[in-house]
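Welcome, and please open the model in your viewer. We will go from stop to stop, selecting a few residues each time and looking at what is there.

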Amino acid sequence: MQTPLRSKDQETPLRGVRTNIVQSIRAFRVQDLQDAATAMGQHFLYANLAHAQSKQDVLDLIAAQFTFPSHFGKNFDALYDCMTDPLHKSGPQPGFIVVLEHIPATGKFDKEAREQLLDIFRDAADYWGDRKIPFRCFYSFL
């Protein structure tokens with residue numbers, strides 16, 4: 001008897017997670033998400049934002065940890081641009097698993113700023129979804 005073929009998503013902790021989504025990390029461990037990205041041949045992008053206090057700090061940490069180019073504009077529009085168009089133009093993409101850990105909750109990075117940040121990643125998920133490329137973003141708040 002032959003074993004049924006399974007997609008790579010079914011063999012990972014992501015089997016029940018939509019392919020283009022931004023959601024709380026909840027029960028997922030960062031290492032499990034990184035292992036899943038490796039198993040599926042997808043890009044794994046991780047940013048620990050625990051030491052950020054302001055929007056500029058958040059953007060600086062993301063840029064450094066995602067290894068954005070030196071000309072990164074350090075604003076939300078530039079963040080969206082770096083997460084989408086240049087990657088699309090560089091050739092076929094296998095998919096993305098993004099982790100934004102410990103998004104700050106400070107006076108200089110308030111609820112509105114946090115929602116704006118997550119909206120950038122929701123827009124990126126939509127962008128990649130339109131191109132049939134998986135883009136999953138997981139986040140946690142500090």
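## Stop one: the aromatic rings

Start by showing the side chains of Phe, Tyr and Trp: with ring centres within 6.5 Å taken as the rule, the count comes to nine aromatic pairs. Select F96 and W128 to see one of them, a tilted pair with 4.9 Å from centre to centre and 40° between the planes. This pair links distant parts of the chain, since F96 belongs to strand β3 and W128 to helix α5, 32 residues apart. Both F96 and W128 are buried. Keep in mind as you look that this is a predicted model.

Now add Y127 to the selection. Y127 and W128 form an edge-to-face pair, with 5.2 Å between centres and 85° between the planes. Like W128, Y127 is buried. Which residues do ring pairs link into a cluster? Select Y80, F96, Y127, W128 and F135 together, and you have it.

Before leaving the rings, show two arginines. The charged end of R131 sits over the ring of Y127, 3.6 Å from its centre. R114 lies over the face of F141, at 5.6 Å from the ring centre.

## Stop two: the sheet

Switch to a cartoon view and find the strands. In what order do the four strands of the open sheet stand? Reading across, you meet β1, β4, β3 and β2, with parallel pairing. β1 and β2 (43–48) are at the edges with a single partner strand each, so one side of each has no neighbour in the sheet. From one strand to the next, the twist averages 10°.

Next, colour β4, residues 135–141. Six of its seven residues are buried, so the strand is largely enclosed by the rest of the structure. Look to either partner of β4 in turn:

- β1 and β4 pair in the parallel sense over five bridges. Select V22 to see one residue involved: its bridge partner in β4 is C137.
- β3 and β4 also run parallel, joined by six bridges. Here V98 has C137 as its bridge partner in β4.

C137 is therefore a good residue to centre on, since β4 is largely enclosed and C137 is bridge partner to V22 and to V98. Then move along to F96, which stands opposite F135 in β4. You have met F96 and F135 before, in the ring cluster.

To see how the chain gets from β3 to β4, show helix α5, residues 111–130. β3, α5 and β4 together make a right-handed β-α-β unit.

## Stop three: charges on helix α5

Stay with helix α5 and show the side chains of E115, D119 and R122, which are linked in a network of salt bridges. R122 and D119 have their closest N and O atoms 2.7 Å apart. Why are these two separated by about one helical turn? Because R122 and D119 are three residues apart in α5. R122 also meets E115 in a salt bridge, at 3.3 Å from N to O.

Are these residues buried, exposed or something in between? R122 is partly exposed, at 29% relative accessibility. E115 is partly exposed at 33%, and D119 is partly exposed at 36%.

The structure holds five salt bridges. For one elsewhere, select R29 and D32, whose side chains meet at 3.8 Å, N to O. D32 is partly exposed, with a relative accessible area of 27%.

## Stop four: three single residues

Go to R26, in the loop between β1 (20–24) and α1. Its phi is near 35°, a positive value in a residue other than glycine. R26 counts as exposed, with 62% relative accessibility.

H102 has a positive phi too, near 65°, and is likewise a residue other than glycine. You will find H102 in strand β3, residues 96–103. H102 is partly exposed, at 24% relative accessible area.

Finish at A36, in helix α1, residues 30–40. Is A36 buried or exposed? A36 is buried, with a relative accessible area of 2%. If your viewer has a distance tool, try the C-alpha atoms of A36 and L87: these residues are 51 apart along the chain, and the atoms are separated by 21 Å.

How values were computed. Residues numbered from 1 in each chain as written. Predicted model: local features only at pLDDT ≥ 70, side-chain atom pairs only at ≥ 80, totals over all residues. Heavy atoms only, no water. Buried < 20%, exposed > 50% of the residue type's maximum accessible area, 1.4 Å probe, protein only. Pairing = 2+ DSSP bridges. Right-handed = clockwise from strand over helix to strand, strands pointing away. Axes fitted to C-alpha atoms, helices over the stretch in contact; angles between N-to-C directions. Salt bridge = Lys/Arg side-chain N within 4 Å of Asp/Glu carboxyl O. Phe/Tyr/Trp six-rings, centres within 6.5 Å; stacked < 30°, edge-to-face > 60°. Lys NZ or Arg CZ within 6 Å of the ring centre and 35° of its normal.
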